[in-house]
Protein chains: 2
Amino acid sequence: MEQDNKKNIQDYEIDQCDFICVHENVVNQVLKAMPQDQELLDLADFFKVFGDATRIKILYVLSQSEMCVCDIANLLKMGQSAISHQLRILKQMRLVKFRREGKTVFYSLADGHIESILAQGMEHINE
Amino acid sequence: MEQDNKKNIQDYEIDQCDFICVHENVVNQVLKAMPQDQELLDLADFFKVFGDATRIKILYVLSQSEMCVCDIANLLKMGQSAISHQLRILKQMRLVKFRREGKTVFYSLADGHIESILAQGMEHINE
DNA sequence: TAAACATATGAACAGTTATTCATATGATAA
DNA sequence: TTATCATATGAATAACTGTTCATATGTTTA
C-alpha cells in the first residue's frame with residue numbers, strides 16, 4: 001500500500017524539471033500572486049467558447065442583429081441541430097440570451113462585453 | 001450518377017432548415033456585412049489559444065514576469081515537455097516572445113494586448 | 001383533437017488536441 | 001572532445017469536442 005505522507009515541495013517538483021535552472025526568487029514571488037486555480041480554469045473555459053469557428057460566427061451574426069435559430073443556420077449554411085447545440089453552449093456560458101415568440105426563439109448577445117472582446121481579438125489578428 | 005448542376009440557393013438551403021421560418025430581410029442584410037470566412041476562422045484560432053488551462057496559466061505567469069521554461073514548469077507543476085509544446089503554440093500565434101541566454105530561454109508576453117484580453121475575460125467571469 | 005412547425009437533445013462517430021515518453025538539438029563547462 | 005544541462009520535438013495515447021441522425025419537446029393552427 002502506498003504511503004500518503006506529506007512530502008516537501010522539492011520531492012514533488014523533481015519530476016517537472018531537474019531543478020537546477022529554477023530562478024527561485026521569481027518563482028516564489030509569482031507563486032504568491034497566483035489566483036485560485038479555479039479562476040484560471042474558468043477563464044480558460046470562457047475563452048474556449050470563442051475558440052470555435054461556428055460559435056464565433058454565431059456570436060458575430062448576433063452582434064449584427066437578434067436572430068432565430070433557423071436564420072443562423074441559413075446564414076452559416078449549417079444544420080439546425082448543429083446550431084442548436086452550439087447555442088446551448090453559448091447560453092450556458094451566458095454569452096447569449098433569448099426570448100420566445102410563438103414557435104420561434106430569438107437569440108441575441110448577452111451584453112456589450114462580448115462584442116468588445118470580439119473586437120479586441122480582431123484587432124490583434126489584423127496587426 | 002449524381003448531377004452536379006448549379007442549383008439555386010433555395011435548393012442548397014433546404015437541408016439546413018425547412019425554410020419557412022427565415023426572416024429574409026435580416027438574413028440578407030447580415031449576409032452583406034459578413035466578413036471574409038477566413039477572418040472569422042482566424043479569430044476562432046486566436047481565441048482557441050486562450051481556451052486551454054495550461055496556456056492560460058502560462059500567459060498569466062508571464063504577465064507577472066519573464067520566465068524560463070523550467071520556471072514555468074515548476075510553477076505549474078507540470079512536465080518540461082508539456083510546457084515546451086504549449087510554448088511552441090503560443091510562439092506560433094505570436095502571443096509570446098523569447099530571448100536566449102546561454103542554455104536558458106526566457107519567454108515573455110509578446111505585447112500588452114495579451115494582458116488586456118486576459119483582464120477582460122477575468123472581468124466577464126467575475127460578474 | 002391531430003397535424004405542422006421551430007427548436008432541443010441524446011447517442012454515435014470522426015476529428016482534434018494535450019500530455020507523456022523517448023530522444024534530439026544546441027549551449028556551456030571541464 | 002566529452003559530459004552536462006536546458007530546451008525542443010516526433011510519435012503514441014487518451015481524452016475531448018463538434019457534427020449528424022433520429023427523435024423528443026413545446027407551440028400554433030386547422
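Colleague: Where does Lys77(B) lie?

Modeller: In this predicted model, Lys77(B) belongs to the loop that joins α5 and α6 of chain B.

Colleague: What makes Lys77(B) count as exposed?

Modeller: The limit for an exposed residue is 12 or fewer other C-beta atoms within 10 Å. Lys77(B) has 11 C-beta neighbours inside 10 Å, so Lys77(B) counts as exposed.

Colleague: What is the phi of Lys77(B)?

Modeller: Phi of Lys77(B) is near 50°, which is positive although the residue is not glycine. Most residues other than glycine have a negative phi. Arg94(B) is another residue other than glycine with a positive phi, near 60°. Arg94(B) sits in the loop between α6 and β2 (96-101) of chain B.

Colleague: Why is Arg94(B) called partly exposed?

Modeller: A residue is exposed at 12 or fewer other C-beta atoms within 10 Å and buried at 20 or more, with partly exposed in between. Arg94(B) has 16 such atoms and is therefore partly exposed.

Colleague: How do you know that the two copies are related as by a two-fold rotation axis?

Modeller: A turn of 180° with a shift of 0.0 Å along the axis lays chain A on chain B, with an RMSD of 0.1 Å. The two copies are therefore related as by a two-fold rotation axis.

Colleague: What makes you say that the copies meet through the same surface?

Modeller: Of the interface residues of chain A, 98% are also interface residues in chain B, and therefore the copies meet through the same surface. The contact involves 51 residues of chain A and 50 residues of chain B. On the chain A side, α3(A) gives the largest share, nine residues. By class, that side has 29 nonpolar, 14 polar and eight charged residues.

Colleague: How does the reach of α3(A) compare with what is expected at 1.5 Å a residue?

Modeller: α3(A) has 14 residues and spans 21 Å from its first C-alpha to its last, close to the expected 20 Å.

Colleague: Which residues of α3(A) are buried, and what covers them?

Modeller: The buried residues are Leu40(A), Leu43(A), Ala44(A), Phe46(A), Phe47(A), Val49(A) and Phe50(A). Their cover includes α4 and α6 of chain A, and also α3 (37-50), α4 (53-64) and α7 (112-125) of chain B.

Colleague: Which residues touch the most other members of the largest nonpolar core?

Modeller: That core has 65 residues, and Ile72(A) and Ile72(B) touch the most other members. Leaving aside residues up to four places away in sequence, Ile72(B) touches Ile58(B), Val61(B), Met67(B) and Ile83(B).

Colleague: How many of the residues of chain A count as buried?

Modeller: Of its 127 residues, 33% count as buried. Chain A comprises seven helices and three strands, in the order α-α-α-α-β-α-α-β-β-α from the N terminus.

Colleague: What surrounds DNA strand D, and which residues are the closest?

Modeller: The strand is surrounded by 25 residues, of which Cys21(A), Gly102(A), Cys68(B), Cys70(B) and Ser81(B) are the closest. The elements that give two or more residues to this surface are α6 (80-92) of chain A, with α5 (69-76), α6 (80-92) and β3 (104-109) of chain B. α6(B) gives the most, six residues. By class, the surface near DNA strand D has nine nonpolar, eleven polar and five charged residues.

Methods: Residues are numbered from 1 along each chain as its sequence is written. Chains are lettered from A and ligands numbered from 1 in the order in which they are written. This is a predicted model: local features need pLDDT of at least 70, side-chain atom pairs count only at pLDDT 80 or more; totals for chains, interfaces and linings use all residues. A residue is near a molecule or strand if its C-beta atom, placed from the backbone, lies within 6 Å of it. Helices (H or I, at least four residues) and strands (E, at least two) are DSSP runs, numbered from the N terminus. Ala, Val, Leu, Ile, Met, Phe, Trp, Tyr, Cys and Pro count as nonpolar, Asp, Glu, Lys and Arg as charged, and the others, Gly among them, as polar. Two residues are in contact if their C-beta atoms, placed from the backbone, lie within 7 Å. Copies are superposed by least squares on the C-alpha atoms of residues with pLDDT of at least 70 in both. A nonpolar core is a set of buried Ala, Val, Leu, Ile, Met, Phe, Trp, Tyr and Cys residues joined through C-beta atoms within 7 Å. The expected span of a helix is 1.5 Å times one less than its number of residues.
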